[in-house]
Amino acid sequence: MSTASGISNLAQALRDQHADTTIHDRGDRLLIEASTDRLYDLAVALTSDHGCEFADLAIEQHAEQDAEEDTASFTARYFFYADTGVLVEIVTASTNAELPAISDRIHAADWHEREAEDMFGIHFTGHPFMGDFILHDTVWPENVAPMRRGFDHGERVSEKGLGEDWQPPRLIDEPGLFAFPVGPIWSDYAESGLWILETPGEHIHQAHTRLFYKFRGVQKIAEGQSTGQALLLAERFSGSSAFAHGLAYCQALEKLAGCEVPARAQMLRVIVAEFERIRYHAMTIAELAGSTGLAVGKARGQDIEETLLRLSGEVFSHRYLFGLIAPGGLAWAPDDEALARLDHGLQAAAEELEQLERLLTASSSFLDRIEEMGGLSTEDAVRYGTLGPVARAADRTLDLRVSLPYGIYDRLKVTVAHETEGDGYARMRVFFSEIRVSAALIRDLLSRLEDGPFAAPFEVVPGAALGWVEAPAGATFHWLRVDEAGLIARWQVAAPSFRNWHAFQQVFDGAAFQDFPIIMASYGLSVAENDR
Amino acid sequence: MANWVFHSLSRGIRTTRWPTDPETAAGVTPGRPRAGVGSAELAARCPTEALFPHDNGVGVDFGHCVHCQRCRHGDEALAWEQDFTWTSKPEQGREALPARFSRSIHVRYIDAGACGGCMGEIRLIDAPAYNMHRVGIFITATPRDADVLLVGGPVTEAMREPLRKAYEAMPEPKRVVAMGVCAINGGVFGTSFASAGGVAAEIPVDLVIPGCPPPPLAIIHALLAVTGRTEPAELVENP
Ligand code: SF4
Ligand code: SF4
């Protein structure tokens, strides 16, 4: 089904069901204007009857209003997509800082609602568990809503939170069970975060994830910045997937400007994005081997990762691909000789990775630690709206390169990796299989790279638009509003780690203490990407 | 059975010989712009004010350079050097640790809001290519055993206290290294309601490593400088 007919079919079906809402077919998306009363039913209809996935919730506060004011009014945009390539946007207005929670039926929206609650001070009626989330009750006072317009983001908030008086939540009340905290500073080089493991001594009965120790307020500090300045943030809030996030951000800008990215630039973008995926997965595999104590496996994995980083440094001038993406195409492009080195280096690395996979899958002591470990059921994978490799290892086939193609992906053959068991081993197989698919994509494009400019002239145009990319860890959506002066007025980033960390606590069934780092490594998630 | 031994031996020694011999392999560092001839327009291209116009051309403040490469390409560009010996000593930085530490120092890394760039590079200092143990650098899990606190990230609000507690828990003598421009002055995250704008806002800093991110060899260079085995470089360069 083509996107256009997909949109009109869905529009018709929704008009029949919900006669009292205004539904526009905007060509690139279905725009539904709904009252807050209708929001819940529409959202549930989209996800339950029409197979849509919840993508993102972007809130905007109207005009100049005080941070303190309860009566502030907001526009809320709920984005959904169907794997027929249809994007749906529901717009609703709230005049009393209240919105109905949709997360009791659409659990994937749970953390998005909690984020909006913390950031905007919006109350989600019917949401069961609000409070300590992004703004920890330990450090932040009540009633801070940093995304509100009046909030001065340059200054530290002077009041303090509860400090040591804060008590971690206990989810199970059982005699003999105690809560064992892991973090926020832990392990050798782990990212900061807190995991509270409830345990009678060895087996983990329940895990509670407390993130956002690394909250840098990226979406707020970007406000008022030029688009070129905020691009630095887009690349750097999650440096391990810098290109993917930079690309999603630039696609939103290009949509506003009606900018056509030239063919060569499109192809180069795919090459770089797939290269980043390979490097990201290689890192995850090295970490996974290390987490099980398989030092030789880790060393081999890191050796490949380092080879890829050097290749990146040599060809793209930066080991983490900073400074390459730009609205309109690329900021600059490597010459043919450099691209030939990329081709050569990548083939060698791909062979090394194949060999590493063979060695790992022949190491029974390693497999024993990841098989049937950290299993995410398909039911939970769906319920939590998990994304990326984590989802594809649990019998979901979502991949924006195929379900909502951007750039030139609709003309490329992307085989979506797919495993069903949802355990650590299935995830590892997904990582390796995605590496193969990405390497093949790069090889194909390098062999038929079109001539032409690496960028089109680009000028900033005000307005609001959504850009998306299948980042290494899964789907990411960047919603941007650019004001009349060409500055960032609002930026909402939905990151794959955000969604997947939400489901993380579900995977400890049967796990013991020593499995915790292994399960975490097999997830391949970034805390920095989640915390923003 | 996987024959790891055979496969590993067949690959030979993969470890750099730096600092004994120079390391010039392509891609070990992103390099950095050097002060030189250039117009005020070139300096103005820098989004972080790391470049400044000077009578003789363009100067560079490495503490602000985020490797955005905007001064690297195009008609007018600065020359980049593929070095990595970037570590620098701020004015208030304490002297190097005594010689008895020089064969073995223990480092506790703290993620105070670092992105995957700095996180990725710090993990690699013990990868085969760099193998920090060969130069007597060890990572320890607790600050109580640490001689050096290596900190990445702009120091987020929720990491201020854990960072200070970790520093206080360390035995004397102790040193602090701020890794990456975020840890030096907040980097692209700056000073805000959510970020302290660098490590020095919370604890004393003895050495800084410019870079976004500094590559593994730049980190090793800094950790060697902690015990006086390498010399710190200048943070600001005039043409
Ligand atoms: S690479 Fe560094 S010095 Fe050059 S423009 Fe970017 S931030 Fe400025
Ligand atoms: S200095 Fe650069 S690479 Fe390091 S944490 Fe900051 S943004 Fe990331």
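Colleague: Which side chain meets A:Arg341 in a salt bridge?

Modeller: This is a predicted model, so local features here need pLDDT of at least 70. A:Arg341 has its partner at 2.5 Å, N to O. The pair links distant parts of the chain, with A:Arg341 in helix α9 (residues 336-361) of chain A and its partner in helix α8 (residues 295-316) of chain A, 27 residues apart. The partner is A:Glu314.

Colleague: Is A:Arg341 buried, partly exposed or exposed?

Modeller: Buried would need under 20% relative accessible area, and exposed over 50%. A:Arg341 stands at 34%. Its partner A:Glu314, at 30%, counts as partly exposed. A:Arg341 is therefore partly exposed.

Colleague: How many residues apart in sequence are the parts tied together by A:Glu274 and A:Arg401?

Modeller: The two form a salt bridge, with the closest N and O atoms 3.0 Å apart. A:Glu274 lies in helix α7 (residues 263-291) of chain A, and A:Arg401 in helix α13 (residues 400-403) of chain A. Both residues are buried. The parts they tie together are 127 residues apart.

Colleague: Which residues are linked with A:Glu274 and A:Arg401 in a network of salt bridges?

Modeller: Side chains of opposite charge can pair when their charged atoms come close. Over all chains the count comes to 52 salt bridges. The network that holds A:Glu274 and A:Arg401 also links A:Arg277, A:Arg392, A:Asp399, A:Glu434 and A:Glu470.

Colleague: In the salt bridge of A:Arg429 and A:Glu421, which residue is buried?

Modeller: The two side chains meet at 3.1 Å, N to O. A:Glu421 has a relative accessible area of 46%, so it is partly exposed. The other has 16%, under the 20% limit for buried. The buried residue is A:Arg429.

Colleague: Now the two chains. How much area do chain B and chain A bury between them?

Modeller: The contact involves 68 residues of chain B and 71 residues of chain A. Of the buried area, 59% is on carbon and sulfur atoms. In chain B, B:Trp4, B:Arg123 and B:Phe193 lose the most area to chain A, together 17% of what that side buries. The area buried between the chains is about 5600 Å².

Colleague: How many salt bridges are counted between chain B and chain A?

Modeller: One salt bridge joins A:Arg156 and B:Glu157, with the closest N and O atoms 2.9 Å apart. There are also 28 residue pairs in polar contact between the chains, both residues at pLDDT 80 or more. For salt bridges, the count is eight.

Colleague: Which element gives the largest share of the side of chain B that touches chain A?

Modeller: The elements of chain B that give two or more residues are α1 (4-9), β5 (105-111), α3 (116-124) and α4 (160-169). That side divides into 38 nonpolar, 17 polar and 13 charged residues. The largest share is eight residues, and it comes from α3(B).

Colleague: Which residue of chain B makes a side-chain polar contact with A:Lys214?

Modeller: A:Lys214 is found in the loop between β10 and α4 of chain A. At 0% relative accessibility, it counts as buried. Its contacts beyond four places in sequence include A:Glu191, A:Asp531, B:Gly113, B:Met119 and B:Thr156. The side-chain polar contact, at 2.7 Å, is with B:Asp111.

Colleague: Are the rings of A:Trp111 and A:Phe212 stacked, edge-to-face or tilted?

Modeller: A:Trp111 is in helix α3 (residues 110-120) of chain A, and A:Phe212 is in the loop between β10 (206-210) and α4 (218-221), 101 residues apart. A:Trp111 is buried at 6%, and A:Phe212 is buried at 3%. The ring centres are 6.5 Å apart and the planes meet at 55 degrees, between the cut-offs of 30 and 60. The pair is therefore tilted.

Colleague: How many of the nine residues of helix α15 of chain A are buried?

Modeller: Helix α15 spans residues 496-504 and is mostly covered. A:Arg499, A:Asn500 and A:His502 are among its buried residues. A:Trp501 and A:Phe504 also belong to a cluster linked by ring pairs, together with A:Trp186, A:Trp195, A:Phe508, A:Phe516 and A:Tyr523. The number of buried residues in the helix is nine.

Methods: Residues are numbered from 1 along each chain as its sequence is written. Chains are lettered from A and ligands numbered from 1 in the order in which they are written. Side-chain values use heavy atoms; hydrogens and water are left out. Contact means heavy atoms within 4.5 Å. Buried area is the accessible area (1.4 Å probe) that two parts lose on being put together, summed over both. A salt bridge is a side-chain nitrogen of Lys or Arg within 4 Å of a carboxyl oxygen of Asp or Glu. A polar contact is a pair of N or O atoms within 3.5 Å; within protein, one must be able to donate a hydrogen and the other to accept it, and residues adjacent in sequence count only if both atoms are side-chain atoms. Helices (H or I, at least four residues) and strands (E, at least two) are DSSP runs, numbered from the N terminus. Ala, Val, Leu, Ile, Met, Phe, Trp, Tyr, Cys and Pro count as nonpolar, Asp, Glu, Lys and Arg as charged, and the others, Gly among them, as polar. Rings of Phe, Tyr and Trp (its six-membered ring) pair if their centres lie within 6.5 Å; planes under 30 degrees apart count as stacked, over 60 as edge-to-face and the rest as tilted. Buried means under 20% relative accessible area, exposed over 50%, partly exposed in between (1.4 Å probe, protein chains only).
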